[in-house]
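Reader: I would like to go through some of the labels used for this model and hear the reasoning behind them.

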Amino acid sequence: MQQSKQYHGSGQLSAMLTLALACSLALVGCAGQAPDGSGQGAEKPLIQPQNWPLQSAPIARKQQIEDKINALLSQMTPEQKVGQIIQADIASVTPQQVRDYYLGSVLNGGNSAPGRDNRVGAAAWLQLADAFWQASTDTSDGRPYIPVIWGTDAVHGHSNVKGATIFPHNIGLGAMREPQLLHAIGRATAVEMQVTGLDWTFAPTIAVARDDRWGRTYESYSEDPALVASYAPHILQGIQGMPGAADFLRGEHMLATVKHFLGDGGTVGGKDQGDNIDTEAGLRDIHAPPYYSAIKAGARVVMASYNSWHGDKMHGFAPMLTDVLVGRMGFDGFVVGDWNGHGQISGCTPTDCAASVIAGLDMYMAPDSWQALYANTLAQVKDGRLPMARLDEAVLRILRIKAEMGLFEQVKPSERPLAGRYELLGNAQHRALAREAARKSLVLLKNNQQLLPLNTTGRVLVAGDGADNIGKQSGGWTLSWQGSGNANSDFPNGESVYAGILQTVTAGGGSVELSENGRYSQRPDVAIVVFGEEPYAEFIGDRSHLAFDDNRGLQILTQLKSQGIPTVAVFLSGRPLWVNPELNQSDAFVAAFLPGSEGGAVADVLFRSPSGAVRHDFQGKLSFSWPDNAKGEPLNVGDAGYKPLFAYGYGLRYSDNTTVGQLHENAGISADQMLNASRYLHAGKAVTPWQLQLLDQGQITRVTDALHTSARGALTATATDRLQQEDSVTLSFAQPGTVLLTHADGVVLDLARQSNGDMALELEYQVLALSNSKTTLGMQCGDNCSATIDISGQLAQMQGKGWQSMKIALRCFSEADSSFDISKVTRPMVLQGGAGLVLQLANVRLAQNEGNATCGN
């Protein structure tokens with residue numbers, strides 16, 4: 001390949017547009033600002049509100065509503081007022097408690113659902129919505145009539161509900177460069193939510209992600225504030241309607257939330273909930289423009305961010321929540337917190353934090369801490385620590401939005417026009433919209449010899465673990481918080497990438513073979529390899545580097561290339577990653593990001609029509625710069641020394657005859673830094689750089705072949721078939737021994753955040769024979785530092801019952817031995833068994849604990 005500068009065409013124009021938008025918004029301070037706005041002075045900077053653009057409130061207050069909510073306020077007791085400013089999670093509150101504590105809102109967190117079942121049918125959601133509504137509106141004791149509102153993270157469609165349409169995540173929508181399509185997506189999402197009786201979504205995210213190591217990068221439309229600011233009004237008004245219209249927040253529209261205020265996309269190292277140390281000008285010119293445009297378009301709820309700014313947590317930072325958001329941006333809705341975010345303020349806990357409300361928070365998100373928080377807040381109101389005037393202001397802000405939504409005249413959820421119309425979930429119109437968005441979001445990075453588009457008349461091999469995996473192509477925030485554990489059957493209205501290719505090619509007269517590992521029965525004319533990141537959400541997705549460290553796709557591509565078979569890579573990811581080796585082994589490479597439930601969109605673009613014409617050309621343009629190394633240092637258009645592999649705005653079309661030559665494969669980081677921290681064994685083989693070892697009377701044997709016996713014959717590891725050839729390993733214990741997953745150089749894993757995030761160590765296994773001795777599963781944290789858990793009982797229960805999944809919550813290891821340090825794990829799996837045990841293993845990895853993890857026997 002020639003020098004990578006050949007791909008930098010749109011960078012300077014975008015930088016000028018960004019700066020122009022910032023200067024048009026700012027009253028002062030544009031001159032001499034660095035494009036990235038970063039840097040920290042010798043003294044801690046201050047927010048000076050006069051430096052921020054002044055924008056008047058775009059929605060005039062209505063006297064009829066003001067009279068109503070003031071009358072309501074005059075009837076409310078302190079107990080009722082405090083209840084209005086607290087939001088509890090449905091996993092921790094009952095409808096009766098909503099009534100008893102006068103709660104103003106409930107939410108379902110990423111792992112909360114009716115009956116604690118993330119894949120329960122839509123009817124259960126509607127039934128529970130009725131129960132909460134009826135409890136909150138029971139005025140038999142003379143209380144004011146104030147309905148509860150239910151918020152949910154419908155961040156890419158009504159994505160918590162089985163059968164709903166799953167749209168592409170924001171990073172893909174940003175690549176399609178068609179903000180108008182966002183209006184239709186917002187409208188469809190609002191319709192599907194109301195089928196299940198919900199009335200409030202915690203979306204859209206309008207963060208400007210500036211460090212792609214951040215685990216929420218895929219929730220951002222772009223690194224460019226101008227693009228994000230142009231998108232925000234469209235998605236917002238699709239959900240809420242147009243301010244001033246009769247159906248604003250009503251009818252087929254509902255309440256939205258813009259989040260997270262402010263600076264969440266600019267933390268040091270891309271650390272979720274971390275510290276943003278931009279200058280005030282950087283905070284204003286990079287992270288604030290989308291909020292100005294969203295507020296002008298009618299935003300009525302803003303969610304406070306977990307991040308801090310130079311050490312001050314936003315949940316308690318009055319200069320931003322009050323002086324800037326309300327005083328300068330013209331915001332006239334209410335501010336809701338994030339999941340126990342108030343508890344992170346200095347001097348606060350999740351159950352005690354008057355400082356947050358005093359600073360400008362109007363509604364605590366207190367999912368599991370709400371009851372003690374209620375008692376403490378009420379006490380603070382009564383003794384004056386929380387001024388009644390500030391409490392009244394917060395309550396009025398919430399009541400005002402409820403009145404604008406028409407809730408005081410509304411009937412219970414199941415009696416509303418869209419309620420119970422389950423045929424609207426994933427209906428043909430919404431699926432077509434999602435397919436269009438996914439199609440337009442695909443970015444073509446490489447198309448040597450113009451391999452694409454493909455004909456439908458040949459033999460096509462579809463390979464890779466992402467090929468027939470709707471959950472993987474949908475990513476996090478899909479049915480569960482992390483988006484893990486989903487089977488294709490959990491998407492009754494969805495279609496995998498493979499299914500879409502199969503339909504397209506067979507209709508055109510060709511044939512398709514699916515093989516996850518790339519082995520085929522008949523030599524194909526072309527191979528499409530679909531691979532990428534496993535689903536993740538929030539801090540679980542934070543990374544220390546941008547190396548794509550899963551080599552399964554690379555192995556398949558290399559194998560096929562060596563046989564002279566043309567290869568097309570379809571890469572599923574929530575951010576740009578360093579994939580130079582994969583690019584080198586591909587003839588064509590498509591950045592598909594996270595396209596959602598309509599995998600058929602990929603086939604729409606990759607294949608010609610039966611007549612040979614181009615069916616759909618590539619439209620997507622990178623909304624994030626693509627890195628030329630794996631270091632992960634911030635790389636944004638307009639930066640000094642900007643040297644990406646593929647620049648912001650890059651994306652080939654079929655008319656481009658561009659050749660991407662051989663790329664360097666120097667990641668710029670060491671092998672230790674590329675460590676895979678969450679997946680240790682896959683398809684029976686250790687994931688690089690982890691090793692599967694057999695420990696037999698102090699002698700270590702590394703498993704590298706299909707048949708390996710330990711040094712003294714106690715243990716044998718045999719590659720065996722599960723779904724495909726040699727995709728699992730059978731461990732046979734002739735004598736007591738230990739099976740380890742470890743690293744040759746003693747690398748240390750810090751799993752403290754994963755433990756706090758309720759992650760689990762998951763084994764996919766089958767018990768072929770039991771031992772009379774105890775079997776334990778453990779972790780090590782260096783010499784003389786370990787924790788073990790007895791799993792004998794679980795294995796005994798599952799003998800002869802086929803393949804099973806065992807999840808041990810990470811916190812269990814710390815509970816098993818108080819000296820165990822989860823932040824210094826050297827061996828993530830230590831399996832000890834006795835003579836007679838025969839265990840077949842397929843996968844060992846970290847997984848989300850969806851309520852089914854245990855601590856062993």
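**Reasons for the labels**

Author: This is a predicted model. Two bridges join strand S1 (residues 86–89) to S11, and these strands run parallel.

Reader: What makes S1 and S11 a pair?

Author: Pairing requires at least two bridges found by DSSP. Two bridges join S1 to S11, therefore they count as paired. Gln 87 stands opposite Met 365 in S11.

Reader: Where do S1 and S11 sit in the sheet?

Author: The sheet is open and has five strands in the order S4-S3-S2-S1-S11, with parallel pairing.

Reader: Why are S4 and S11 called edge strands?

Author: Strand S4 (200–201) and strand S11 (364–365) each pair on one side only.

Reader: How do you know whether Ala 229 is buried or exposed?

Author: The relative accessible area of Ala 229 is 8%. Buried means under 20%, so Ala 229 is buried. Ala 229 belongs to helix H8 (residues 225–240). Its C-alpha atom is separated by 8.8 Å from that of Ala 288, which is 59 residues apart from Ala 229 along the chain.

Reader: Why does Thr 776 count as buried?

Author: Thr 776 has 7% relative accessibility. The cut-off is under 20%, so Thr 776 counts as buried. Thr 776 lies in strand S27 (residues 776–780).

Reader: Which residues does Thr 776 touch, not counting those up to four places away in sequence?

Author: Thr 776 touches Thr 788, Ile 789, Asp 790 and Ile 791, and also Val 830, Leu 831 and Gln 832. A contact here means heavy atoms within 4.5 Å.

Note on methods: Residues numbered from 1 in each chain as written. Predicted model: local features only at pLDDT ≥ 70, side-chain atom pairs only at ≥ 80, totals over all residues. Heavy atoms only, no water. Helix = DSSP H or I, 4+ residues; strand = E, 2+ residues; numbered from the N terminus. Buried < 20%, exposed > 50% of the residue type's maximum accessible area, 1.4 Å probe, protein only.
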